[in-house]
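Here are a few friendly notes to read with the structure open beside you. Take the points one at a time and find each part on screen as you go.

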Amino acid sequence: MDTINMNGFKSIQIDNFRGIDHLKIDDSSRVNVFLGQNGYGKTSVLEAILILAGMSNPGLPQSVNMLRSRGAAGQFLDVRYYFHNLVLTTPPEVSSEQIDGVKRHLTLKMPFVFEEQPQVTTPIGQIQRSDAMVQVNQVEMDFDITADNVVNRFKSTMTFNQQGLIKERKIAEGYQEKLYASLISASLAAPNAASDLAELVKRKMKQVVVDRLAYFDSRITNIEVLSDGVFVGIEGVPELLPVSMHGDGLFRYLTILAASANPVSNILLIDEIDNGLHYSVYKKLWEAIFALATTTNKQVFVTTHSKETLGYLNEMLQDNPIYKPDLRLYTLEKTLKKGLQAYMLTHEGLRGACDNDIELRSIVL
């Protein structure tokens, strides 16, 4: 499958980001699956990609924190949780080379600003002695784009008052983002479905989702986005029913389908793809993701803990060999000598592991 014209990432480097001190991910393709033990940084990788894709938005780190906390209202100071070991003097950095050769680099900072002197700032780590109270009251996104050996640097900031409310927001002048990433969190209550479906309805693409929902439940004949939620039509039932009446599994399946089909986003991030789903739908879901990502020219990054879903991914690729070149499988492993590493396999490695019952979710080194 030709990915040359796909507007996505070829390689990604993450430094000092949450629990990740350093990680390099090379040779990404259209669909990229991350495996690894709990606490090894799979979700953090998705969050780093999301923030890099939206690096001009200084409010994005706080919004992503809210997703991780399952929708609980996030505090401005929670942004410090992005800093490895909570060391604010060592800022998180995420960089990448895109498939088109463009390079991007983001540094996330939380500057110290003297109270009563909002225009006077001190470099991180160089706090001067003063009778004024020193506080962290700003999120700063320093980023640059390199294209044709020309580097363009930008900065976006968000400043907060003593109560943690937004005081000032400055978006980088002269910069327009060309990437749009969407994250489906591990939560079964993820709110993405309605907005993605509304976009598909507007573009007269709703039937794409309806057709693939039939693999989940053959009785589903329609789907609608109404003012009070998402509703589905069931064969033999005289009125539309809330999708919530059918359980978390259908809503999760629908959320992933709608996001995959939505052509607005360039990059789709799915955390714990198997969460809430019965194994019987894994194979059709993988097929839908690959097919829709190809149709919408989208790059997909997925995390999973499930050995079963890897088995069904392998089966799907054997049945649909056209998608084989589009897969990259990464196992995140903490090594004694090199720290956190991403070990990559293609579809051949996945097939060999499945045929020989080799564990891919963890590599003992």
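1. Let's begin with a pair of strands. Strand E13 (residues 220-226) and strand E14 (residues 229-234) run antiparallel and are joined by 6 bridges. Please keep in mind that this is a predicted model.

2. Now look at how the chain gets from E13 to E14: a hairpin of 2 residues makes the link. To see the pairing up close, find Ile 223, which stands opposite Val 232 in E14. As a general point, side chains in a regular strand alternate between the two faces of the sheet.

3. Next comes helix H4 (residues 206-213). Which residues of H4 are buried? They are Lys 206, Val 209, Val 210, Arg 212 and Leu 213. It helps to know that an α-helix has 3.6 residues a turn, so residues three or four places apart point the same way.

4. What covers those buried residues of H4? The cover includes helix H3 (192-202), helix H5 (248-261) and helix H6 (282-295), along with E13. E13 is the strand that is paired with E14 in the first point.

5. Finally, look for empty space inside the model. The count is 1 cavity of 30 Å³ or more, and the largest cavity holds about 30 Å³ of space.

6. Who lines the largest cavity? Its lining is made of Phe 17, Ile 51, Pro 92, Glu 93, Val 94, Leu 106 and Leu 108. Strand E4 (93-98) and strand E5 (103-109) each supply at least two of the lining residues. Sorted by class, the lining has 6 nonpolar residues, 1 charged residue and no polar ones.

Definitions and conventions
Residues numbered from 1 in each chain as written. Predicted model: local features only at pLDDT ≥ 70, side-chain atom pairs only at ≥ 80, totals over all residues. Heavy atoms only, no water. Pairing = 2+ DSSP bridges. Helix = DSSP H or I, 4+ residues; strand = E, 2+ residues; numbered from the N terminus. Buried < 20%, exposed > 50% of the residue type's maximum accessible area, 1.4 Å probe, protein only. Contact = heavy atoms within 4.5 Å. 1 Å grid on protein atoms, 1.4 Å probe; cavity = no way out; pocket = protein on both sides within 12 Å on 5 of 7 lines; lining within 4 Å. Points joined across faces, edges and corners; volume = space filled by probe spheres on them. Nonpolar A, V, L, I, M, F, W, Y, C, P; charged D, E, K, R; others polar.
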